[in-house]
Amino acid sequence: MTTFSRRRVLEIGAGTSLFALLAACSSDEQVSEGAQATADSDAAATTSEAAEASWERINLGFVSAYLLVRGGEATLLDTGNQGDEGDIEAMLTSAGLGWGGLSTVILTHSHGDHVGSAAAIAQAAPEAAFYAGKPDLAAIDIGREVIGVDDQQKVANLTIIATPGHTPGHIAALDTERSVLLAGDALISDDGALALPNPDFTPDYDEALKSVEAMAQLTFASAYVGHGDPVLTGADAQVRGLANS
Ligand SMILES: [Zn+2]
């Protein structure tokens, strides 16, 4: 849990309360003021821990997967390359869960750097349900059923957004509760800014641009992509800029 909390503090820029806490702990002369700050920080930490589950990036080097833990259950978006299941298990463990706590796996598309560890995870987590866009199902073999999903369908309280182009069945997932778009490879990020997908890896670029326009209709603060760093604020405005470019 320590890794989780620290990472979240860094990612959402809520370092202020941490520094207040550290300052309070380091000064004996401000006992009453410091004690109050400590109590406030503890209360804030406890409240956010309970109420605000957040997406965690599992940085697998070339590609990222993302994990959300709510109410003792985990949702995983993408599975990295073959052999990445150990890193994903480590993130589950740091959230206080094991494979048994993984209830949902969403595969954004059929490429090997996104479904690579899905078969191993399907074995390790027999209770988990796997989902992917219907047109990609034929290209995904994980040794058991993958449930096909359509645009606007809800999966684990996330809204599936059909975003074809990179593959015919590519999907993104919108988390309205956390104001996060998980875009898979329908967008990339470069140097802290969202960018259009690379034409070299996008067989149907016209479709991919239409998908960017579809994402530009949505409201979200953050965008998490398969390749590149998450963009944490103002991401929807960036997508609207790309759609108009
Ligand atoms: Zn891909």
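Ile-121 touches seven named residues beyond its sequence neighbourhood of four places: Leu-76, Thr-79, Glu-85, Ile-88, Trp-99, Leu-102 and Phe-130. The model is predicted. Ile-121 belongs to the largest nonpolar core, which holds 28 residues. Within this core, the residues that touch the most other members are Ile-58, Leu-67, Leu-76, Leu-102, Leu-107, Ile-121 and Phe-130. Several elements give two or more residues to the core. The strands among them are β2 (64–70), β3 (73–77), β4 (102–107) and β5 (129–133). The helices are α4 (85–94) and α6 (118–124). Another core lies apart from this one. It has 19 residues, including Ala-186, Leu-218, Val-231 and Leu-242. In soluble globular proteins, nonpolar side chains tend to be buried together.

The protein as a whole has eight helices and 13 strands. Of its 245 residues, 45% count as buried. Among contacts with a separation of 6 or more, 58% come from residues 24 or more positions apart.

Strand β3 also holds Thr-75. Thr-75 is buried, because its relative accessibility is 2% and the cut-off for buried is under 20%. Its side chain makes a polar contact with the side chain of Arg-70, at 3.3 Å. Arg-70 is also one of the residues that Thr-75 touches outside four places in sequence. The others are Trp-55, Tyr-66, Leu-67, Leu-68, Leu-102, Thr-104, Ile-106, Ala-156 and Leu-158. Two of these partners, Leu-67 and Leu-102, are also listed among the core residues that touch the most other members.

After β3 comes a loop that leads to α4, and Gly-83 is found there. Gly-83 is exposed, with a relative accessible area of 52%. Gly-83 and Ala-118 are 35 residues apart in sequence. In space, their C-alpha atoms are 9.7 Å apart.

A zinc ion is bound by four protein donors. They are His-109 (NE2), His-111 (ND1), His-166 (NE2) and Asp-185 (OD). These donors lie 2.1 to 2.5 Å from the zinc ion. Along the chain they follow the spacing H-x1-H-x54-H-x18-D. The angles among the four donor atoms run from 87 to 173°. The site is irregular. The upper angle explains why the site is not tetrahedral, because that class needs all angles between 85 and 135 degrees. For four tetrahedral donors, the ideal angle at a metal is 109.5 degrees. Two of the donor residues can be set side by side in terms of burial. His-109 is buried, with a relative accessible area of 0%. His-111 is partly exposed, at 28%.

Strand β13 contains Val-225. Val-225 is buried, with a relative accessible area of 0%. Leaving aside neighbours within four places in sequence, Val-225 is in contact with Ser-64, Tyr-66, Ala-183, Gly-184, Leu-187, Ile-188, Ser-189 and Leu-194. Leu-187 lies 38 residues away from Val-225 in sequence. The C-alpha atoms of the two are 6.4 Å apart.

Strand β13 (222–225) also takes part in covering helix α8. Helix α8 spans residues 235–243. Its buried residues are Ala-235, Asp-236, Val-239 and Leu-242. They lie on the same side of α8, because they cover an arc of only 115° around the axis. What covers these buried residues includes β12 (193–195) and α7 (205–216), along with β13. Leu-242 is also one of the members of the 19-residue core.

Two residues stand out for their backbone angles. Most residues other than glycine have a negative phi. Ser-179 is not a glycine, yet its phi is positive, at about 60°. It sits in the loop between β9 (171–175) and β10 (180–184). Ser-179 is partly exposed, with a relative accessible area of 24%. Asp-191 also has a positive phi, near 55°. Its place is in the loop between β11 (188–190) and β12. Asp-191 counts as exposed, at 82% relative accessibility.

Methods. Residues numbered from 1 in each chain as written. Predicted model: local features only at pLDDT ≥ 70, side-chain atom pairs only at ≥ 80, totals over all residues. Heavy atoms only, no water. Core = buried A, V, L, I, M, F, W, Y, C linked by side-chain atoms within 4.5 Å. Buried < 20%, exposed > 50% of the residue type's maximum accessible area, 1.4 Å probe, protein only. Helix = DSSP H or I, 4+ residues; strand = E, 2+ residues; numbered from the N terminus. Contact = heavy atoms within 4.5 Å. Donors = N, O, S within 2.8 Å, 3.2 Å for Na, K, Ca; no water. Tetrahedral: all angles 85-135°; square planar, octahedral: opposite > 155°, others 65-115°. Polar contact = N/O pair within 3.5 Å; in protein donor to acceptor, adjacent residues only side chain to side chain. Arc of directions from axis to C-beta.
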